Amino acid sequence: MRNYRSSYPTTWRIMDVFEKAFAAIWPKGRGKYTPYLMLMPAIVLVGTLVVGLLYIGDSSLRTLDRSTFQFSDYWTLENYTRAFSESFTATIIWRSLLGAMIVTVITLCLAFPYAYIMVRTPNAVLRKFLLIALFLPFFIGQVVRAYGWLIILGNQGMVNDVLGLVGVEPLRLLFNYPAVLFGLVQYMLPFAVLMLAPAMTAIPEEIEAAAGSLGASWIKTMTHVIIPMVRPGLVGAGLVVLTLSLTDFAMPAILGGGSQDFIANAIYDQFFRTSDQGFGASLAIILIALGSVLVGLIFTVFGAGTLELGSSNK
Amino acid sequence: MTIKKSISRRQLLKTSAAAGAAGTVLAAPSILWAAEPDKPEELIIRAWGGPWVEALKNGVSDPFTERTGIRIIHDLTEDNEIQPKVWAAVAQNRTPPIHINWDTTTNATKSALRGVCEDLSDLSNIAGTTDLAKPVGVDGYPIVNTYGYVYVLAYRPEAFPDGPPASYHDLLDPKFKGRVAFYNDGIGFHFPAQVAGGGSLDGIPDAMDPCWDFVTKMKEQNPLLGEDPDFVTWFQNGEIDAACTISTNALGAKRNGVDIAWTVPAEGAKFDTDGLWIPKGHSEGDLYWAKEYINSALTQEAQQVWLDGLGLPGVVPGLTPPEGLAGDPSYPTTEADFERLIRISGRIQVENESEWFSRFKQIMQG
């Protein structure tokens with residue numbers, strides 16, 4: 001008869017060793033602290049971000065002496081005063097904010113039917129096609145995609161070539177605000193679909209059938225049943241698209257042709273072009289504050305419960 | 001028959017010059033090699049990519065490696081992006097990520113004012129350079145300028161059948177709406193715009209309203225705003241008819257077969273320089289060989305090959321202009337050439353550029 005211990009698979013014995021080592025470091029009596037231990041990676045990650053933010057906050061309160069290119073050793077609100085007094089800052093804040101909101105609305109409008117068809121279609125080929133079309137852009141970076149649009153929408157690009165066939169003179173489709181918004185919508189669409197699809201999958205098809213059997217038209221089923229039920233997904237997707245668009249750098253830089261800067265572009269300029277990290281940091285803090293206020297507003301209007309946070313406690 | 005052996009003044013000068021030149025060539029390395037420290041395996045030089053780094057490699061890096069055995073690594077990080085890394089390394093007493101920064105003089109001036117540059121005034125070959133090698137607005141030689149360049153008005157001859165544009169005012173013609181281009185921060189255009197707007201160069205930096213007035217007029221033309229690579233692309237694609245850009249970009253486009261020409265308009269053109277500098281924080285040996293690299297970049301042989309590739313005028317007398325550039329406005333060599341160009345102290349530029357860039361962007365993007 002074999003020794004029962006030697007009959008254990010090797011992996012079990014390795015796990016035993018780990019268990020003993022863990023028990024030595026973290027005795028059973030401390031079990032009540034285990035959830036806190038599991039929170040540690042998140043605390044370390046968020047803590048690192050907070051430390052970085054403190055450094056940025058500190059920089060934003062120091063002004064650059066242009067005769068020595070050193071920062072002041074005292075704190076002042078001068079950078080913020082400058083940011084709020086320069087009309088250019090107001091221009092880029094408004095452009096970023098408006099752009100982020102337009103992109104969010106358009107993206108959600110496009111993502112909703114995409115996700116609905118992807119989840120509900122009985123056609124396996126169509127579902128696979130939509131899935132591939134959804135994931136393919138993730139393998140292509142944002143910058144490469146933006147350059148792709150330069151080729152397609154340029155004066156000698158494919159779109160103008162097609163327009164030329166019907167006698168239309170080449171149009172300037174790039175280096176303007178709509179081009180930036182177009183690029184952003186195309187970039188954000190997969191994120192939004194990815195966030196909406198699980199919310200739609202969670203709605204049983206029978207509910208739609210039930211609504212129909214009770215006399216609701218397809219439109220009424222959508223507006224009274226599906227959209228309210230998918231609201232957590234819509235809010236989540238909206239939050240992601242809104243914050244990513246607000247802080248985007250590449251699309252305004254590439255498709256805006258230097259004439260449609262967002263806040264991130266202005267921050268880059270201050271950090272790397274004029275070497276004024278203090279002013280750049282103040283713009284970064286303004287951007288963070290703006291994003292936080294927007295997210296706070298969304299939570300206030302729709303409630304954090306719309307993301308199904310803490311729903312089990314209700 | 002008596003043979004009168006006399007030495008004319010011309011012969012004496014020629015002989016002296018030859019002896020002097022030979023002496024300089026021989027003495028140059030020996031001054032530095034008098035107490036030659038151990039050689040590092042490699043030196044890291046920050047450079048711009050494409051034809052820029054190729055020209056540096058052919059003219060300076062490869063001959064240096066051949067002579068010393070030290071491998072040269074070219075780091076193609078953008079000059080603006082390497083700057084904070086170098087500043088942070090010096091502030092934290094760490095070894096900087098590069099040995100030598102090939103930088104715009106304006107950018108390098110910021111580093112010099114911050115005190116992160118090694119002093120290069122003991123380089124033996126500086127004695128053989130023109131005034132252009134000396135950075136304006138800083139003491140000594142924290143940077144050595146290695147060549148100059150002009151922000152020319154490049155244009156497509158097809159769009160200007162009556163001859164080159166004589167002035168920036170010519171670009172205000174409605175037919176050029178959406179067909180002109182500038183750098184997205186207006187660099188290169190601020191000073192000619194000051195003149196075009198009716199102001200004087202003495203008004204820089206305190207009285208620049210004429211500049212902003214003219215930029216506002218130009219905004220009505222809905223110009224394209226971009227960076228160096230954009231100009232070449234736009235000219236190649238026929239998207240623009242004229243642009244204020246560095247002559248090297250125009251030359252690059254021309255060498256790629258684009259029908260393009262350039263001129264210095266009546267308002268003048270901004271003249272600027274690039275240079276080499278060494279960040280503080282390197283070991284004595286590395287510093288010695290980094291200095292030796294820069295010293296070798298100031299020889300006639302190195303400058304000739306390096307700057308042939310860039311099509312730019314160097315800081316060593318006696319260079320032969322690249323084919324087709326002799327007498328070209330983008331290749332100033334004589335006093336008369338420089339009279340048409342605008343050169344503003346690096347110090348004034350770095351102290352005011354943030355405001356100028358913001359103002360330009362506000363007008364163009366407002």
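Two strands are taken to pair if DSSP finds at least two bridges between them. In the predicted model described here, strand E1 (residues 42-46) of chain B and strand E2 (residues 71-75) of chain B are joined by 5 bridges and run parallel. Within this pairing, Glu42(B) has Arg71(B) as its bridge partner in E2(B). The connection from E1(B) to E2(B) passes through helix H2 (residues 51-68) of chain B, and the resulting β-α-β crossover is right-handed.

Chain B also takes part in a contact with chain A, to which chain B contributes 27 residues and chain A contributes 25 residues. On the side of chain B that touches chain A, at least two residues each are supplied by helix H3 (79-91), helix H4 (105-114), strand E6 (224-226) and helix H12 (346-365) of chain B, and among these elements H12(B) gives the most, with 10 residues. When the residues of this side of chain B are divided by class, 12 are polar, 8 are charged and 7 are nonpolar.

Chain A, for its part, is assigned two domains, with domain 1 covering residues 1-60 and domain 2 covering residues 85-313. The C-alpha centres of domain 1 of chain A and domain 2 of chain A are 37 Å apart, and the contact between these domains draws 4 residues from domain 1 of chain A and 6 residues from domain 2 of chain A. The side of domain 1 of chain A that touches domain 2 of chain A comprises 3 polar residues and 1 nonpolar residue, with no charged residues.

How values were computed: Residues are numbered from 1 along each chain as its sequence is written. Chains are lettered from A and ligands numbered from 1 in the order in which they are written. This is a predicted model: local features need pLDDT of at least 70, side-chain atom pairs count only at pLDDT 80 or more; totals for chains, interfaces and linings use all residues. Two residues are in contact if their C-beta atoms, placed from the backbone, lie within 7 Å. Helices (H or I, at least four residues) and strands (E, at least two) are DSSP runs, numbered from the N terminus. Ala, Val, Leu, Ile, Met, Phe, Trp, Tyr, Cys and Pro count as nonpolar, Asp, Glu, Lys and Arg as charged, and the others, Gly among them, as polar. Domain bounds come from an automatic or database domain assignment. A crossover is right-handed if, with the strands pointing away from the viewer, the path from the first strand over the helix to the second runs clockwise.
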